[in-house]
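This report introduces a single protein structure to a reader who has not met it before. Please keep the sequence and the three-dimensional view at hand while reading.

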Amino acid sequence: MGNQSQSQLLWKLLWDYDPNGLVVVNENMIITLVNPAFCAMFKTTKEQLLYKHARDVLGDVKDFQVAWEENRVFKSREKQYPKYDLYVRKVIFPIKNEGLVACIMVDLSHEWHQRNEMLRIKRETLEQVNEVVNKQMHVAQEIAGLLGETTAETKVSLLKLREMLEQEIM
């Protein structure tokens, strides 16, 4: 096996086993290459994706078009694909000499779900804390009201008692 074929085999293995979704489109945004991880992310097959417009799978392809037109790299673009329960970070870059735009998609769905679950728990905890504080304030107001009533009643009784004592003394 020559160096050329070894190199090609290595690249094929990397392409096939990379856990990141890899997709390549031409300048007309037609999908020309996908790897198995990309197919798994979008729950489809290579045959169903090839030669389709990228918009049909990815929706908005503005970043791809801008990468091509401005010949620049877009790093760390995050995007959610609710239809596929997928949340990814994308790196999009043009390969001008081949007339292609490539995209690497890192699946962040697990982390995204964890973050959302933590936010949900924090929201629920905050609601519970507010509820407890409100209940305590209500109870404190009730106690204060009762104390106010009994204090007023005690004051009235003491004033009557003082009046009676003052009348006896005078």
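The sections below describe the sheet, the helices packed on it, selected residues, the cysteines and the salt bridges of this predicted model.

## The sheet

Five strands make up an open sheet, arranged in the order β2-β1-β5-β4-β3 with antiparallel pairing. The edge positions are taken by β2 (31-34) and β3 (74-81); each has a single partner strand, so one side of each is left without a neighbour in the sheet. From one strand to the next, the twist averages 25°.

Strand β1 (residues 21-26) runs antiparallel to β2, and three bridges join the two. One of the pairings places valine 25 opposite isoleucine 31, its bridge partner in β2. The two strands form a hairpin with four residues between them, and methionine 29 in the turn has a positive phi of about 70°.

At the other edge, β3 and β4 pair in the antiparallel sense over six bridges. Here arginine 77 has lysine 90 as its bridge partner in β4. This hairpin also has four residues between the strands, and aspartate 85 takes a positive phi near 50°.

## Helices on the sheet

Helix α5 (residues 62-70) packs on the sheet and touches β1, β3, β4 and β5 (100-107). The direction of α5 makes about 20° with that of β4. Helix α6 (residues 109-169) lies across β3, β4 and β5, and runs at about 140° to β4.

## Two residues in the strands

Valine 24 belongs to strand β1. With a relative accessible area of 7%, valine 24 is buried, since the limit for that class is under 20%. Leaving aside neighbours within four places in sequence, the contacts of valine 24 include Ile30, Ile31, Thr32 and Leu33, and also Leu100, Val101 and Ala102. Trp15 is among the contacts of valine 24 as well. A separation of another kind is found between valine 24 and glutamate 153: they are 129 residues apart in sequence and 85 Å apart in space, C-alpha to C-alpha.

Lysine 90 lies in strand β4 (residues 86-95). Which side chain of opposite charge is nearest to lysine 90? It is that of aspartate 63, 4.7 Å away. A salt bridge requires a nitrogen and a carboxyl oxygen within 4 Å, and lysine 90, although buried, has no salt bridge. Not counting residues up to four places away in sequence, lysine 90 touches Phe74, Lys75, Ser76, Arg77, Lys79 and Tyr81, together with Cys103, Ile104 and Met105.

## The cysteines

A disulfide is a covalent bond between the sulfur atoms of two cysteines. How many disulfides does a search of the whole structure find? The result is zero. The sulfur of cysteine 39 has its closest cysteine sulfur in cysteine 103, 14 Å away, which is too far for a bond; a disulfide would need the two atoms within 2.5 Å. Cysteine 39 is buried, with a relative accessible area of 9%. Cysteine 103 likewise counts as buried, at 1% relative accessibility.

## Salt bridges

Across the whole structure, five salt bridges are found. The table presents some of them, including the distance between the closest N and O atoms.

| Acidic residue | Basic residue | Closest N to O distance |
|---|---|---|
| Aspartate 16 | Lysine 12 | 2.5 Å |
| Glutamate 70 | Arginine 72 | 2.7 Å |
| Glutamate 131 | Lysine 135 | 3.7 Å |

Lysine 12 and aspartate 16 are four residues apart in helix α1 (residues 3-17), so about one helical turn separates them. Aspartate 16 is partly exposed, with a relative accessible area of 25%. In helix α6, glutamate 131 and lysine 135 are also four residues apart and therefore separated by about one helical turn. Glutamate 131 counts as partly exposed at 48% relative accessibility, whereas lysine 135 is exposed, with a relative accessible area of 53%.

In the remaining pair of the table, glutamate 70 is partly exposed, with a relative accessible area of 47%. Its partner, arginine 72, counts as partly exposed at 38% relative accessibility.

How values were computed. Residues are numbered from 1 along each chain as its sequence is written. This is a predicted model: local features need pLDDT of at least 70, side-chain atom pairs count only at pLDDT 80 or more; totals for chains, interfaces and linings use all residues. Side-chain values use heavy atoms; hydrogens and water are left out. Buried means under 20% relative accessible area, exposed over 50%, partly exposed in between (1.4 Å probe, protein chains only). Lys and Arg count as positive and Asp and Glu as negative; His and the chain ends are not counted. Contact means heavy atoms within 4.5 Å. Two strands pair if DSSP finds at least two bridges between them. Axes are lines fitted to C-alpha atoms, for helices over the stretch in contact, and angles run from 0 to 180 degrees between N-to-C directions.
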